[in-house]
Structures are given as structure tokens and as C-alpha cells.
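Me: Could you take a close look at a single part of this model and explain each term as you use it?

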Amino acid sequence: FSQAIERLRSRAHEEIYYSLCLDGLGQARLGQRLFADAEGPLQEALSLYENVFVDDLFGRFSVLCHLGLAASQQQSFDRARVFYEQALSIGETTLEDQPMVLAYGCLEGYADVLRKLNREAEAKLIDEKIKAILRT
């Protein structure tokens, strides 16, 4: 994790700070329960992570998890599922050497969305992953 931070610091300039600020603004709006308002800055941050900071997979992972929460809280469960699945795909492949606790909140949100979509068996599998994280 510290290596990823150092790589970010070595190329830090205005755009990376801008993307971090957009993510922070989105998170603040999530905290205020302004879920629709959170999506704009989060989508813009995601665009930067996908087009400018393509190797910052942790940033993309984080924003996708936040977008999943925003969509879920607006009852847009199919959109939320897609965001969570994209995030968890990054988490399971590229970020697999990072502490699993980083994926905890994303996994919880994904399990909730699966339940809302009546996919209980899949949600239970995610619950098992969550329990494994808590045991470590």
C-alpha cells in the first residue's frame, strides 16, 4: 500500500488533487444523504481515474464503491450492482495484495444490493467473504 502512495506522490499535480477532491466531495454528499448530488463529482472522478490516472486502481476502486452506494440509496439496484462488481473485480485481481479490510464496505453494499435484487444465494456467498475478513 505504501508503494502505491509513493507512486501517487511522485506524480502528484493538480489533476490528481482535483480527482481526490471530487471523490471527497462525493463522499461528503453521501454523508449528507444527498445521494443524487454525490453522483456528479463521483462520475467525474471516475472519468479521471479511467482516462488520466489509469494505473491508480485503488482510486478507481474507491470511487466505484461510492457510486455503488449512491445508486443503491436511490433504489437503482441494477446500476449499483454494476458499480460494485466493477470495484470488486479490481479488488480481487489487481489489489489482491492489499489488506482485505479495504473491500469490507464495498462487499457489504454489494451483498445488500444482491438481496434487493432477490439474489439471496449470491448474497450469502458475499456474507461468507465478509466473515472471513472479520476473522483475519
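Reply: What follows is a description of one pair of helices and how they pack. The model is predicted, so local features need pLDDT of at least 70 and side-chain atom pairs count only at pLDDT 80 or more, while totals for chains, interfaces and linings use all residues. Residues are numbered from 1 along each chain as its sequence is written, and side-chain values use heavy atoms, with hydrogens and water left out.

Helices here are DSSP runs of H or I with at least four residues, numbered from the N terminus. Helix H3 covers residues 35–51 and helix H4 covers residues 57–73, and the two pack at an angle of about 155° with their axes 9 Å apart; the axes are lines fitted to C-alpha atoms over the stretch in contact, and the angle, taken between N-to-C directions, can run from 0 to 180 degrees. H3 and H4 are therefore roughly antiparallel to each other, a term used for angles over 145 degrees.

The contact, meaning heavy atoms within 4.5 Å, involves residues of H3 including Phe-35, Leu-42, Leu-46 and Tyr-49, and residues of H4 including Gly-59, Val-63, Leu-67 and Ala-70. Sorted by class, the contact of H3 with H4 has 10 nonpolar, 4 polar and 3 charged residues, where Ala, Val, Leu, Ile, Met, Phe, Trp, Tyr, Cys and Pro count as nonpolar, Asp, Glu, Lys and Arg as charged, and the others, Gly among them, as polar.

H3 also passes H4 in a left-handed crossing, which is one where the near helix is turned anticlockwise from the far one by less than a right angle.

Terms used:
Parallel < 35°, antiparallel > 145°, perpendicular 65-115°, else oblique.
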